[in-house]
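Please open the model in your viewer and keep the selection panel at hand. The tour below goes from one selection to the next and says what is found at each stop.

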Amino acid sequence: MMTSNEIDALKQLLASPKKITIVPHRNPDGDAMGSTLGLYHFLKLQQHDVVVISPNEFPDFLAWLPDSEKVMIFEKDVQHCTERINGSEIIFTLDFNALHRVGEQMQKALETVSTTFVMIDHHQLPDSYAKFTYSDTKMGSTCEMVYHFIHQLGGENLIDKTIATCIYTGIVTDSGSFRFPLTTSTTHRVVADLLDKGVDNPKIHNLLFDTSSYNRLQLLGRALQNMKLLPEYKTSYITLTQEELDHFGYVKGDTEGIVNYGLSLKGFDFTAIFIENKEEGIIKISFRSQGAFDVNQFARKHFNGGGHINAAGGKSFGTLDETINQFIAILAEEKNN
Ligand code: 5GP
Ligand code: MN
């Protein structure tokens, strides 16, 4: 929580209309888009001039979020986005803990502007670039934090169906539909209130999870067939090559959630998915664990990444085969359970 002094200072700052920019992390997910758009609608109701700038394109399965079509995409319009950043009186950064999470070029733009930063985030080890930091790694989603933040500002009566819809979306996606360990009784109370504000929960679930293309399901089938087991480490992993992605007409968002299948195996507590990205010259990796095995540490230490204890990501600059070999070698050293 922010201190009451910080909240008072923020209330003061927001008492008159301001030029505000809100930024999610690169490759934004449901929580990143839901939290930025939820806060955007809340601030708009108070006559602020508000824009969300995403570092890059967001996936199609989130393109129904209210005003998502107004989100500026930094990498597609560097000049206007940079101008906007430079002219902002307040910049909110949501759902990430370090400026490098927006990508190199946008990071530079954010680092060179001297304005008031506000961070709202639930990832481990937040950096200290913001004047106001609301960081809580016990929170299951940044969306839930935006809800609490609005309450702290005394704006709860302004939460309407639109804001509630955005916030609900990130709570659902980051909690794996209310099943991950950080889902608390408070989370459910927040959600109950959001339903009272008019959230159409079956419709949102349907928009998020029941709009797959046939290609996406075929890609999922391939991914599951590619799954390898390392029972000695209670570990499974999936690979997808660029060729396989191309074969199934991959579009952004198609691989979302596939990693979780590796944990649905009986007796397995650690899984990873390795996805080749020829354009960026990297292998993008997602890690998931159940219980005490800390994948944030694992991703940070070995794969240029980070995240949460049970869900993290990272990347590797070697080939897919090299990356897998490295992964197995690290397991042999670190995970003798
Ligand atoms: P996902 O595997 O779904 O992409 O990400 C899981 C969690 O780890 C998310 O909270 C995400 O923000 C974080 N994460 C994913 N990739 C990276 C990365 O490269 N670096 C860091 N620091 N966090 C990441
Ligand atoms: Mn999140």
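Which of the 13 residues around ligand 1 come nearest? In this predicted model, the residues to select are Ser286, Gly305, Gly306, Gly307 and Gly313, which come nearest to ligand 1 among the 13 that surround it.

Keep ligand 1 in view and add the strands β11 (306-307) and β12 (311-316), each of which supplies at least two residues of the shell; β12 gives the most, with 5 residues. If you then colour the shell by residue class, you will find 9 polar, 2 nonpolar and 2 charged residues. Colouring by domain instead shows that the shell draws at least three residues from domain 1 (4-209) and at least three from domain 2 (215-334).

Next, step back to the whole protein, which is divided into domain 1 (4-209) and domain 2 (215-334). A distance drawn between the C-alpha centres of domain 1 and domain 2 comes to 27 Å. Where the two domains meet, 9 residues of domain 1 are in contact with 10 residues of domain 2, and the side of domain 1 that touches domain 2 is made up of 4 nonpolar, 3 polar and 2 charged residues.

For the next stop, select residues 19-171, the span to which an unreviewed UniProt entry gives the annotation "domain: DDH". This span is 36% helix and 18% strand, and its end C-alpha atoms lie 27 Å apart. Then move to residues 247-330, where UniProt, again in an unreviewed entry, places the feature "domain: DHHA1". Here the chain is 24% helix and 29% strand, with 31 Å between the end C-alpha atoms.

The last selections concern the interior. In soluble globular proteins, nonpolar side chains tend to be buried together. The largest nonpolar core holds 54 residues, and the members that touch the most others are Ile22, Leu39, Phe92, Ile120, Val146, Ile167 and Tyr168. Centre the view on Val146 and set aside its neighbours within four places in sequence: the residues in contact with Val146 are then Ser35, Gly38, Leu39, Ile120 and Ile167. A second core, separate from this one, consists of 24 residues, including Ala223, Phe270, Phe274 and Ala311, and selecting these four is a suitable place to end the tour.

Notes:
Residues numbered from 1 in each chain as written. Chains lettered and ligands numbered in written order. Predicted model: local features only at pLDDT ≥ 70, side-chain atom pairs only at ≥ 80, totals over all residues. Core = buried A, V, L, I, M, F, W, Y, C linked by C-beta atoms within 7 Å. Buried ≥ 20, exposed ≤ 12 C-beta atoms within 10 Å, placed from the backbone. Contact = placed C-beta atoms within 7 Å. Near = placed C-beta within 6 Å. Helix = DSSP H or I, 4+ residues; strand = E, 2+ residues; numbered from the N terminus. Nonpolar A, V, L, I, M, F, W, Y, C, P; charged D, E, K, R; others polar. Domains from an automatic or database assignment. UniProt positions renumbered as here; feature names shortened; annotations may be inferred.
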